[in-house]
Amino acid sequence: MTYTPVRSAARQHTEYETGSNRLPARAWARSDTPRILLSGEWSFRYSTAPETPADFLDGAPEGWGRIDVPSHWQLRGHGRPIYTNQRYPFPIEPPHVPDDNPTGDYVRSIDVPAAWSHGRVVLRFEGVDSFARVWVNGHETGTTSGSRLQNEFDVTDAIRPGHTNIIAVRVLQWSANSYIEDQDMWWLSGIFRDVVLELRRPGSIGDHRVLADYDAGTGILQVTADVPARVRIPELGIDAPAGERILIPEVEPWTAESPRLYHGTLSSGTETIDLAVGFRRVEIAGGVLKVNGRRVLFRGVNRHEFDPDHGRALDEATMLADVRLMKQHNINAVRTSHYPPHPRFLDLCDEYGLYVIDECDFETHGFFLDDWDGGLAGNPTDDERWQEPLVDRMHRMVVRDRNHPSIVMWSLGNECGSGSNIAAMATEARRLDPTRPLLYERDWTAQHVDVYSRMYLTHAEVEAIGRGEEPPLTDPALDVRRRAQPFILAEYAHAMGNGPGGLAEYQELFERHPRCQGGFVWEWIDHGLRTTDAGGREFFAYGGDFGEELHDGNFVADGLLFPDRTPSPGLLELKKVFEPIRFERADIGVRVRNLRDHTGLDDLTVTWTLTEDGEERAHGVLGLPQIPAGGEALLQLPEPPPLTGEAWLTLRAILAQDTAWAGRGHEVATGQWQVREAAPRPRRRDGAPVRARFDERGRLLELAGTPLVPPRLDLWRAPIDNDLGWWGPAVEPQWRAHGLDRLHDRLEDLESDDTELRVTVRTAAAASDLAIRNIWTWTLDGTGLDLHLRIEPIGDWTCPLPRLGIRLGLPAAVERVSWYGRGPGETYPDSSSSQLIGRYQASIEDLQTPYVMPQENGNRSDVRHLTLYDAAGAVMTVRGAPTFDFTARRWTSEQLEAARHPIDLSPGEHVWLNLDLEQYGLGSASCGPGVLPQYVRPVRSASFRLRFEPHREAE
Ligand code: GAL
């Protein structure tokens with residue numbers, strides 16, 4: 001046997017190292033130094049293992065394909081995306097990775113101007129996942145480390161100015177880096193951020209640092225550079241040598257609410273860097289985190305970089321879309337979960353005003369899988385062989401990003417467990433930047449950090465922390481230290497599928513307890529990848545859709561935005577809960593509260609509208625006095641016109657002028673309350689009763705010519721992810737064990753006289769002796785049919801109900817509805833404040849919310865009346881006494897539940913109408929606490945009245 005190893009271009013990367021030959025870290029900057037952007041088309045070859053020969057160092061051989069840089073190869077038809085939450089998709093034996101290790105070879109040629117011979121040439125990768133070996137003109141240049149960090153190489157000796165040069169890169173999907181980059185997201189590889197070639201002439205600025213402190217009106221500026229340079233900020237009259245400490249009286253401070261930047265330059269003669277200086281001070285005083293001397297409340301979200309077509313390769317328009325959407329939804333803070341974002345995103349946060357927690361690219365969740373008693377040996381967090389690479393990551397993030405005023409805290413990483421390397425990273429961060437507090441959610445004793453933070457705590461736990469009554473730590477010194485720290489929920493309100501519920505109750509705690517300074521909702525966007533099925537129908541794929549060996553299903557779709565960045569109902573609710581101005585009903589008029597931390601309300605106009613039975617009766621503008629941050633004012637409203645019906649007052653705060661992130665008239669906050677109860681409905685009309693047809697079991701088959709699938713008791717909903725309780729208390733198993741999805745009816749009694757039909761039904765699941773007696777009393781009159789439904793539990797029920805109501809089928813010709821109730825969007829008991837009482841209409845299709853994983857959706861609540869239409873006009877009106885909830889869809893709850901993607905749902909023979917007395921709340925149990933007690937629906941005796949009014953005569 002002969003054994004002939006082929007010359008391989010790259011070995012596996014299995015060393016505990018920080019990349020080789022890299023240049024020292026430096027601040028990311030926009031400068032005028034000559035540069036060539038290498039983004040665009042590259043030649044590309046994909047292999048399933050890194051043994052393919054090094055035949056591409058001088059240019060792409062015949063037969064190679066093309067790929068766009070930046071991108072992920074899995075989203076360009078090579079290999080496949082894998083989604084795992086915590087588990088490593090390869091055997092755990094750090095630092096080794098499997099032999100079959102998908103590999104992407106990239107080559108492109110580039111003409112470098114002859115003038116580039118006067119200086120050093122630097123090749124920069126802004127982001128490569130997970131490891132790259134780089135050659136320039138055949139010379140091995142170095143290797144990368146840190147997928148979401150910049151890697152720079154000095155390629156002066158290899159590059160040939162005035163000639164065509166070949167840049168060749170081999171990227172490995174798995175490397176030692178993968179062990180410390182186990183974030184809950186798609187595993188996606190390749191050169192996914194820009195590649196830049198830069199000329200560094202003698203005198204070019206290497207690193208620079210901007211310190212812009214703010215002290216009670218005075219700005220304190222110190223800009224330093226590693227070469228002699230001048231700082232110029234014309235607006236402040238500054239033209240001074242770098243390094244000087246400059247005091248600027250009466251400077252306008254930077255906050256997320258007033259992102260005042262002073263633009264200037266740092267020039268060395270050969271290079272000029274743009275400066276965007278924001279003066280601000282972050283400090284912890286009296287156990288509270290303050291910006292410019294005032295407590296701030298973080299109304300935050302966790303943001304992964306994600307795009308449904310490009311994964312983590314985001315263009316600037318997408319980053320800007322994120323920032324604008326955040327501002328439009330009253331979000332004031334972002335945690336860059338769980339890695340430093342594209343540097344441009346931070347520029348946008350400076351410019352538009354968002355507080356940022358910048359998080360290190362570090363997670364090792366697969367080592368402990370939240371098994372607190374066990375866990376696997378070898379977690380890099382506590383292994384000294386990983387200390388240097390980890391400290392290096394922290395170092396590089398801080399140095400790259402520390403000039404941004406928007407960054408108010410550093411995070412050491414996410415879910416890495418505890419260990420000595422955390423301490424070392426914290427020390428390095430403090431050494432490089434003593435101006436910002438540190439946070440790391442898994443440091444539960446808070447010994448290495450300045451801010452205590454946790455994730456997914458219940459409201460009660462947050463309340464205890466707010467009161468300073470959290471359970472003590474065993475170490476008394478640490479306990480005292482932690483108790484003196486501000487508290488932040490690094491993650492809460494898991495926005496998976498339909499939800500989260502309970503946001504308002506968290507906000508109330510943040511507003512009540514100074515120590516509780518808000519939190520960051522998990523998470524900003526669903527990571528659904530746009531895909532088409534065999535028939536060309538588009539859907540958003542989640543774990544398992546690519547045939548992965550291990551995956552975590554739709555747990556990757558847990559954002560406030562749908563993958564295409566359409567705001568979900570959860571985001572609308574969050575916007576309402578985060579509103580910076582609040583209207584409260586007062587004895588005379590309205591109390592207006594300014595919930596901002598720094599600024600007044602001068603940018604807002606407040607309008608009011610008075611409606612009666614949903615029709616506008618009066619409107620106006622409410623003049624606002626000066627209300628400083630944290631202040632309030634009591635304002636009187638004009639005398640209302642005479643009213644006879646149900647009346648509501650609605651207040652809206654809208655932008656008075658165009659801003660960078662939304663146009664004039666953009667709605668910022670709302671308030672609404674009822675000012676007059678509904679008048680009693682007139683007596684029912686006598687005359688020939690409308691025609692209703694019942695069968696021998698007392699089931700309603702037809703109303704005035706409209707055939708029905710007879711209404712029956714319905715207790716089931718297509719479980720939402722929170723019902724399933726992926727990582728929280730699951731309620732769905734109880735529901736299922738009680739057979740709420742498979743109920744049988746038995747007619748117990750039927751009585752009738754001239755005007756009334758009383759039907760008593762016993763509804764129960766097979767194998768169960770628990771039952772619900774439902775007593776239907778139907779009464780006909782000249783315009784409609786009244787239903788009085790009484791519910792009586794039989795037996796000892798301990799399980800709550802998903803819903804309590806009835807379901808009926810209408811002809812498929814029904815195509816739209818109008819209603820008077822909450823809308824226009826969906827609402828559930830613990831997520832309804834964003835939707836106001838009014839008159840709305842929608843097609844059946846528009847009533848559906850397309851959650852990436854189909855589940856209960858589209859409920860409209862507090863509905864006074866609902867009218868259903870077909871092409872010929874109104875078919876039937878349903879009235880509540882006083883209100884009901886409804887859903888209307890072209891499929892049943894069972895079909896909704898069975899679907900894996902929205903495209904699995906197709907219209908059937910009926911429109912299915914659910915009319916409910918109540919529904920179970922949403923909660924956040926897909927990862928976190930369940931539904932608060934007030935939104936649990938226990939089985940109980942209840943009574944429910946509805947009236948059905950046909951609009952057509954029976955034939
Ligand atoms: C957290 C984790 C996040 C995400 C979330 C659940 O524990 O930090 O990355 O996995 O749970 O969606």
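**Close-up views of a predicted model**

**View 1. The ligand and the residues around it.** Of the 13 residues that surround the ligand, those that come nearest are Asp184, His338, Glu415, Glu491 and His494; the model shown here and in the views below is a predicted one. By class, the shell around the ligand is made up of 5 nonpolar, 4 polar and 4 charged residues. Three side chains can be followed to oxygen atoms of the ligand: a polar side-chain atom of His338 lies 2.6 Å from a ligand oxygen, an N or O atom in the side chain of Glu415 is 2.5 Å from a ligand oxygen, and for an N or O atom in the side chain of Glu491 the distance to a ligand oxygen is 2.7 Å. On its own the ligand has 310 Å² of accessible area, and the protein covers 96% of that area.

**View 2. Salt bridge between Arg442 and Glu441.** The side chains of Glu441 and Arg442 meet in a salt bridge, with an N to O distance of 2.7 Å. Both partners, Arg442 and Glu441, are buried. Side chains of opposite charge can pair when their charged atoms come close, and the count of salt bridges in the model comes to 91.

**View 3. Salt bridge between two strands, Asp745 and Arg712.** The side chains of Arg712 and Asp745 form a salt bridge in which N and O are 3.1 Å apart. Asp745 belongs to strand E46 (residues 743-752) and Arg712 to strand E45 (residues 709-714), so the pair ties together parts of the model that are 33 residues apart in sequence. Asp745 has a relative accessibility of 34% and therefore counts as partly exposed, and Arg712, at 35% relative accessibility, also counts as partly exposed.

**View 4. Salt bridge between Arg736 and Asp741.** Arg736 is joined to Asp741 by a salt bridge, and the closest N and O atoms of the pair are 2.8 Å apart. Arg736 counts as partly exposed because its relative accessibility is 29%, and Asp741, with a relative accessibility of 24%, counts as partly exposed as well.

**View 5. A network of salt bridges.** Salt bridges link Arg26, Arg35, Arg124, Glu126, Glu152, Glu198, Arg200 and Glu271 in a network.

**View 6. Thr381 and its surroundings.** Thr381 is placed in the loop that runs between strand E27 (355-359) and helix H4 (387-401), and with a relative accessibility of 0% this residue counts as buried. The side chain of Thr381 makes a polar contact of 3.5 Å with the side chain of Thr364. When residues up to four places away in sequence are not counted, Thr381 touches Phe362, Thr364, Cys416, Gly417, Ser418, Gly419, Ser420, Asn421 and Ile422.

**View 7. Two cis peptide bonds.** Most residues other than glycine have a negative phi, and most peptide bonds are trans. Asp129 and Ser130 are nevertheless joined by a cis peptide bond with omega at about 0°, and Ser130 is found in the loop between strand E7 (128-129) and strand E8 (131-136). The peptide bond from Ala881 to Pro882 is also cis, with an omega near 5°, and Pro882 has its place in strand E54 (residues 873-889).

**View 8. Positive phi at Asn137 and Ala704.** Asn137 is not a glycine, yet has a positive phi of about 50°; this residue lies in the loop between E8 and strand E9 (139-143), and is buried with a relative accessible area of 16%. Ala704, another residue other than glycine, has a positive phi near 45°, and is located in the loop between strand E43 (700-703) and strand E44 (706-707). With a relative accessibility of 6%, Ala704 counts as buried.

**View 9. Helix H3 and the elements that it packs against.** Helix H3 (residues 343-352) is mostly covered, since 9 of its 10 residues are buried; these buried residues are Pro343, Arg344, Phe345, Leu346, Asp347, Leu348, Cys349, Asp350 and Tyr352. The buried residues of H3 pack against helix H2 (316-328), strand E26 (333-335), E27, H4 and strand E28 (407-411). Gly353 follows H3 and has a positive phi, near 95°.

Conventions. Residues are numbered from 1 along each chain as its sequence is written. This is a predicted model: local features need pLDDT of at least 70, side-chain atom pairs count only at pLDDT 80 or more; totals for chains, interfaces and linings use all residues. Side-chain values use heavy atoms; hydrogens and water are left out. A residue is near a molecule or strand if one of its heavy atoms lies within 4 Å of it. A polar contact is a pair of N or O atoms within 3.5 Å; within protein, one must be able to donate a hydrogen and the other to accept it, and residues adjacent in sequence count only if both atoms are side-chain atoms. Accessible areas come from the Shrake-Rupley method with a 1.4 Å probe; for residues, only the protein chains shown count as cover. Ala, Val, Leu, Ile, Met, Phe, Trp, Tyr, Cys and Pro count as nonpolar, Asp, Glu, Lys and Arg as charged, and the others, Gly among them, as polar. A salt bridge is a side-chain nitrogen of Lys or Arg within 4 Å of a carboxyl oxygen of Asp or Glu. Buried means under 20% relative accessible area, exposed over 50%, partly exposed in between (1.4 Å probe, protein chains only). Helices (H or I, at least four residues) and strands (E, at least two) are DSSP runs, numbered from the N terminus. Contact means heavy atoms within 4.5 Å.
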